Amino acid sequence: MLMNDSAAKTQGGPSFTPAGETGGHVGRLGNEPDTYLEMNLEHKQTLANGATTRFKVMVADGQRSYNDWTASTSDLNVRQAFTELGHLPTFTGAFKDSTVWAGKRFDRDNFDIHWIDSDVVFLAGTGAGIYDMRWSDNARSNFSLYGRTFGDIENSENTAQNYILTLNNYVGPVQLMVSGMRAKDNEDRVDIEGNRVKKDAAEDGVHALLGLHNDSFYGLREGSSKTALLYGHGLGAEVKSIGSDGALLPQADTWRLATYGMTPLGGGWHIAPAVLAQSSKDRYVKGDSYQWATANLRVIQEINQNFELQYEGSYQYMDLRPEGYNARNAVSGNFYKLTFAPTLKAGDVGEFLKRPELRLFATWMDWDHRLDNYASNDAFGSSGFTAGGEWNFGVQMETWF
């Protein structure tokens with residue numbers, strides 16, 4: 001179960017999604033719900049023959065009301081519903097300890113930079129696959145087929161379905177993930193009014209990720225770190241949320257670099273630096289470009305076994321050239337954010353990824369005035385949210401299990 005409010009997500013800063021691009025976040029603010037809840041229901045079994053079964057349902061709800069009865073304004077959704085069968089006794093060789101699944105789900109091996117609320121890679125949809133085909137003690141592979149649908153779900157004429165075939169390989173700490181996708185009707189997709197959405201939209205694409213998952217802080221000291229380089233072309237150019245953007249051009253190219261680590265410094269201090277950068281060209285209009293880079297640092301100071309102080313700073317530079325797409329303007333500039341959060345924990349003080357946590361927080365953020373000119377319907381420049389410095393105060397609760 002995960003439950004938090006929008007303030008928990010703002011520890012990375014406000015949402016800024018260039019021209020529909022799902023990436024370039026340093027966090028979220030604005031139209032995000034004040035309360036966000038994900039509840040997981042699971043049933044697991046181990047049978048007499050050693051086989052395992054698992055059924056999982058995830059229900060999510062976003063809510064802006066502070067009232068105790070909010071059914072009329074709720075945004076309820078079933079995000080996952082799938083079944084897994086594992087350790088089947090008739091499976092031998094590389095498939096001996098594998099797990100087969102089918103249904104609607106998030107891919108098991110998605111990963112993110114949690115405190116800036118941005119996925120490094122996110123694969124989800126409805127489909128089937130097999131995890132943990134083992135070729136040796138250090139080598140394993142996952143194979144999955146996911147389906148997604150582009151456009152408005154209310155539109156019965158919407159037949160653009162994107163099928164994503166993924167092979168995800170691990171050799172020791174190294175990950176190589178390769179995906180291909182096809183949406184043969186994407187160019188003919190129409191909106192609810194029957195108008196053609198984008199006659200030059202891509203109908204296929206490729207996506208690749210090369211990752212390194214270390215059980216040390218970049219090989220320098222105790223801790224952990226992860227680094228990933230991603231590339232996508234065509235429909236694969238939405239490199240963070242694979243296969244989710246149907247407006248991309250066939251020529252679209254995107255590169256993305258993500259790295260973060262966590263380590264104790266001694267004396268009750270812990271640090272977690274992160275860098276996230278992306279460059280995309282010919283994304284929605286020929287000649288456009290979207291480039292941004294984020295640097296983030298979270299510091300934890302242990303006070304006692306139940307109390308810590310969290311400090312965080314973010315900086316992001318953006319150079320966005322939409323070439324008039326969706327009436328957006330070319331802008332470049334900087335974003336800054338500082339957060340101070342006294343935090344209460346039941347235990348594991350100093351651990352960045354252990355929950356539950358209760359926090360008081362104060363956040364200051366600001367950005368260059370010229371970013372307000374990007375679009376009136378995006379986070380920056382919208383009514384009541386323009387450059388000049390913004391303060392945000394509140395209480396947060398976050399837990400998962």
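User: Let's define helices as DSSP runs of H or I with at least four residues, and strands as DSSP runs of E with at least two, both numbered from the N terminus. In which loop does alanine 346 sit?

Analyst: A word on the ground rules: this is a predicted model, where local features need pLDDT of at least 70 and side-chain atom pairs count only at pLDDT 80 or more, while totals for chains, interfaces and linings use all residues. Residues are numbered from 1 along each chain as its sequence is written, and side-chain values use heavy atoms, leaving out hydrogens and water. As for alanine 346, its place is in the loop between strand 18 and strand 19.

User: Is alanine 346 buried or exposed?

Analyst: Let's fix the cut-offs: buried is under 20% relative accessible area, exposed is over 50%, and partly exposed is in between, using a 1.4 Å probe and protein chains only. Alanine 346 has a relative accessible area of 70%, which makes it exposed.

User: Which residues does alanine 346 contact, beyond its neighbours within four places in sequence?

Analyst: Contact here means heavy atoms within 4.5 Å. There's also a C-alpha to C-alpha distance of 8.0 Å from alanine 346 to glutamine 305, 41 residues away in sequence. The contacts of alanine 346 outside that four-place window are Asn306 and Pro356.

User: Proline 356 then: what is omega near for the peptide bond from arginine 355 to proline 356?

Analyst: Proline 356 belongs to the loop between strand 18 (331–345) and strand 19 (357–367). The bond leading into it from arginine 355 is cis, and omega is near 15°.

User: What is phi of alanine 327 near?

Analyst: Alanine 327 is in the loop between strand 17 and strand 18, and its 68% relative accessibility puts it in the exposed class. Asparagine 326 is found in that loop too, with a positive phi near 55°. Phi of alanine 327 is also positive in a residue other than glycine, near 60°.

User: Zooming out, how many strands does the protein chain have?

Analyst: Of the chain's contacts with a separation of 6 or more, 58% are between residues 24 or more positions apart. The secondary structure comes to one helix, and the number of strands is 20.

User: What share of the residues is buried, given a chain of 401?

Analyst: On the outside, the chain exposes about 18,600 Å², by the Shrake-Rupley method with a 1.4 Å probe, where only the protein chains shown count as cover for residues. Carbon and sulfur atoms supply 56% of that area. Of the 401 residues, the buried share is 51%.

User: How many residues are in the largest nonpolar core?

Analyst: A nonpolar core is a set of buried Ala, Val, Leu, Ile, Met, Phe, Trp, Tyr and Cys residues joined through side-chain atoms within 4.5 Å. Among the members with the most contacts inside the largest one are Trp115 and Leu230, and leucine 230 touches residues including Val120, Val121 and Leu209. The size of that core, in residues, is 49.

User: Which class of aromatic pair do tryptophan 115 and tyrosine 260 form?

Analyst: Rings of Phe, Tyr and Trp (its six-membered ring) pair if their centres lie within 6.5 Å; planes under 30 degrees apart are stacked, over 60 edge-to-face, and the rest tilted. The structure holds 14 such pairs; one of them, tryptophan 101 with tyrosine 131, is stacked at 6.4 Å centre to centre and 25° between planes. Both of those residues are buried. For tryptophan 115 and tyrosine 260, the centres are 5.6 Å apart and the planes at 90°, so the pair is edge-to-face.

User: Which residue puts its charged end over the ring of tyrosine 131?

Analyst: The test is NZ of Lys or CZ of Arg within 6 Å of the ring centre and within 35 degrees of the ring normal. Tyrosine 131 is also in a ring cluster with Trp101 and Tyr146. At 4.3 Å from the ring centre of tyrosine 131, the charged end belongs to arginine 108.

User: Which backbone nitrogen does the side chain of aspartate 368 reach?

Analyst: Aspartate 368 is in the loop between strand 19 and strand 20 (390–398), and its relative accessible area of 15% makes it buried. It touches residues including Gly333 and Tyr336. At 2.8 Å, its side chain reaches the backbone nitrogen of asparagine 334.

Key:
A polar contact is a pair of N or O atoms within 3.5 Å; within protein, one must be able to donate a hydrogen and the other to accept it, and residues adjacent in sequence count only if both atoms are side-chain atoms.
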